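Here is a short set of questions and answers on pockets and helix packing. Take a look at the model first.

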Amino acid sequence: MAKPQDFNTKVTPTWCPGCGNFGLWQAFKEALSEQGLEPHQVAMTFDIGCCGNAANWHNLYGFHSLHGRTVPVALGIKLTNSKLTVIADSGDGGGYGEGGNHFLHTCRTNVDITFVVHNNQIYGLTTGQASPTTDTGMETKTTPAGQIEQPFHPLQVAIAQGATFVARGFTGDTKHLKEIFKKAIQHKGFSLVDVLQPCITWNKENTFDWYRKRVYKLEDQNWDIKNKDQALLKAGEWGQKIPIGVFYQESRPTYGDKLPQIKDKTLIEQGVKVGDITEFLEEFK
Ligand code: SF4
C-alpha cells in the first residue's frame, strides 16, 4: 500500500513557511493512502495560484490547467478513464471566480470527481487582492476602503445546484480534514470540499486563531446529512460560528452512469484513437 510520502515528488514546496496549504496537503496524502490508492490510480488537475504550484510536488497523474479550468479538465479525464480517482484542485479565486461557471454547472452533472478548494479568502499568489469569498469590509489591495460586496457562499451554491456531497474542512484540524477527504473520494458523484486554508502572508484577518475560535463540527451536533433544507440553511452560517464537516450527501446516478457509451467500458479500454489533427491545427497558424 502506498504511504503518504509516496505521493511526493522530489520537488520541495515553495509555499510560505506556516501556510495553511501544508496541513491540507498532508491530510490529502494521508486520505489517499488510507483509501488504498496508488499514485498511478489518481489524476489531479491544478490551475493557477499558490495551490496550483503544487502540481510540481504531487506524485500522481497531474494536469496543470489554465486559471479556473480545473473542473472541466477533471471531468474530461473522468469520462475518458472512469477507473481513475479524479480530483480537481483550485483556490477560491480560480474555483469560484474565474471558474465559477464550470463549478455551477458541474454540480448538476453529478460527474464522479472531487473538487478541493483551498479557500483562503484572498488571491495569495498575486499578493493580496480580494477574492469571491473575501468578507465584507475587509481591506485588501483591491479594496483599500474595505470590501463592499457580499461574499460568495460556495456550499449553499453547491447544494442548490445539485452537488451530491458538500463539505467544509479546516487545515488547522488535519485529522478531521483527512476523514472528509476520504468520504468525498468514496462518494459516487460530484463532491465539493471547501477547505478553510489560512494565507498567513496576505490575509491578516482570517488567521488560524480566528478560525479556531469559530469552527465547530457538525457531527458533534447529531447532524442529518440527508436533510437538504437544513443543509442549505446551515451552509449560510458564517461569522461568530463556522460549521465544518459534511453538510449534505445524497445518492444519485452519476453523469457517467447515464452514458451507455462508457458505462461498461472506459474510452481507454475501447481503444478510441485520436485522428490526425494536422489539418485542423493549420487553421490556427
Ligand atoms: Fe500560502 Fe498565502 Fe504564502 Fe500563498 S501567499 S503560499 S496562500 S501563505
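Q: What volume does the second largest pocket have?
A: This is a predicted model, where local features need pLDDT of at least 70 and side-chain atom pairs pLDDT 80 or more, while totals for chains, interfaces and linings use all residues. Residues are numbered from 1 along each chain as its sequence is written, and side-chain values use heavy atoms, without hydrogens and water. A pocket is an open set of points on a 1 Å grid over the protein atoms alone, where a 1.4 Å probe fits, with protein on both sides within 12 Å along at least five of seven lines. Probe spheres set on the points fill a volume of about 210 Å³.

Q: Which residues lie closest to the centre of the second largest pocket?
A: Its lining (residues with an atom within 4 Å of a point) has 19 residues. The closest to the centre are Ile48, Gly49, Cys50, Tyr123 and Gly124.

Q: Which helix gives the largest share of that lining?
A: Helices are DSSP runs (H or I, at least four residues), numbered from the N terminus. Three lining residues, the largest share, come from helix α3 (residues 92–98).

Q: What volume does the largest pocket have?
A: The largest pocket is lined by 24 residues. Lys78, Ser82, Asp112, Lys188 and Thr254 lie nearest its centre. Its volume is about 370 Å³.

Q: Which helix supplies the largest share of the lining of the largest pocket?
A: α2 (70–80) and α6 (174–186) are among the elements that each supply at least two residues. The largest share is three residues, from α6.
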